[in-house]
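Here is a short report on one protein chain. It covers charge, overall shape and one residue site.

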Amino acid sequence: MTEPKKRKQRIPRKLSYEGLERAAFHHLERFACSENQLRKVMERKVRRTARFHEVDEAEAARWIGDVLAKMKRLQLIDDADFADMTARSMNRRGKAGRAIRWALKQKGVDEGLADQALEALEDELGSADLQAAVTLVRKRRLGPLRPDAERAGFRDKDMGALARSGFSLDLARRVLDAEDDEALDALLEEG
């Protein structure tokens with residue numbers, strides 16, 4: 001039996017400001033990210049390159065700062081816009097404000113910007129958490145959308161699904177106690 005071929009490890013090019021800048025542009029072409037996330041991407045690139053080439057850490061840190069400043073100046077990274085976009089996207093997928101706030105914190109977004117994004121969402125939708133809970137129930141066919149014979153047996157599981165998505169016990173009960181899909185619409189109209 002022959003052994004599988006080992007893949008040769010690719011040796012990265014020697015680090016330069018231009019290479020770091022290209023890496024940042026390439027990352028931003030593919031992903032929306034916060035300033036902190038882009039900083040981490042560039043720091044990983046520096047560490048990877050440092051395994052093979054001599055790297056002046058102080059100079060690399062200056063380059064990272066300069067690249068971040070340039071990206072801000074070009075408006076390619078804006079944490080406030082990123083927070084708004086992420087909050088809206090997560091709300092549409094059925095995530096509660098609590099889960100959105102936690103996700104933004106994990107992505108390095110300032111707490112104040114996360115609060116502003118959630119407030120804007122509340123202003124736009126009325127009750128963003130209620131909207132997200134109904135979306136999740138419809139998407140996963142929980143509670144009132146289950147067949148009547150299965151509904152009682154799955155209540156604890158449905159409550160758990162809503163809790164894991166960040167919803168309060170009171171809101172989860174309100175949504176799961178709705179009679180049917182029309183009752184969910186009525187809940188949304190009440191706000």
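The protein chain carries 39 positive and 36 negative side chains, and the centres of the two sets lie 11 Å apart. Lys and Arg count as positive, Asp and Glu as negative; His and the chain ends are left uncounted. Each charge is placed at NZ of Lys, CZ of Arg, CG of Asp or CD of Glu.

This is a predicted model: local features need pLDDT of at least 70, side-chain atom pairs count only at pLDDT 80 or more, and totals for chains, interfaces and linings use all residues. Residues are numbered from 1 along each chain as its sequence is written, and side-chain values use heavy atoms, without hydrogens and water.

The protein chain has eleven helices and zero strands. Helices (H or I, at least four residues) and strands (E, at least two) are DSSP runs, numbered from the N terminus.

| Property of the protein chain | Value |
|---|---|
| C-alpha box along the principal axes | roughly 65 × 60 × 20 Å |
| Buried share of the 191 residues | 37% |
| Share of contacts with a separation of 6 or more that join residues 24 or more positions apart | 70% |

Buried means under 20% relative accessible area, exposed over 50%, partly exposed in between (1.4 Å probe, protein chains only). Contact means heavy atoms within 4.5 Å.

Now the site. Histidine 27 sits in helix α1 (residues 17–30). Histidine 27 is buried, at a relative accessible area of 16%. Leaving aside residues up to four places away in sequence, histidine 27 touches Cys33, Leu38 and Val41.
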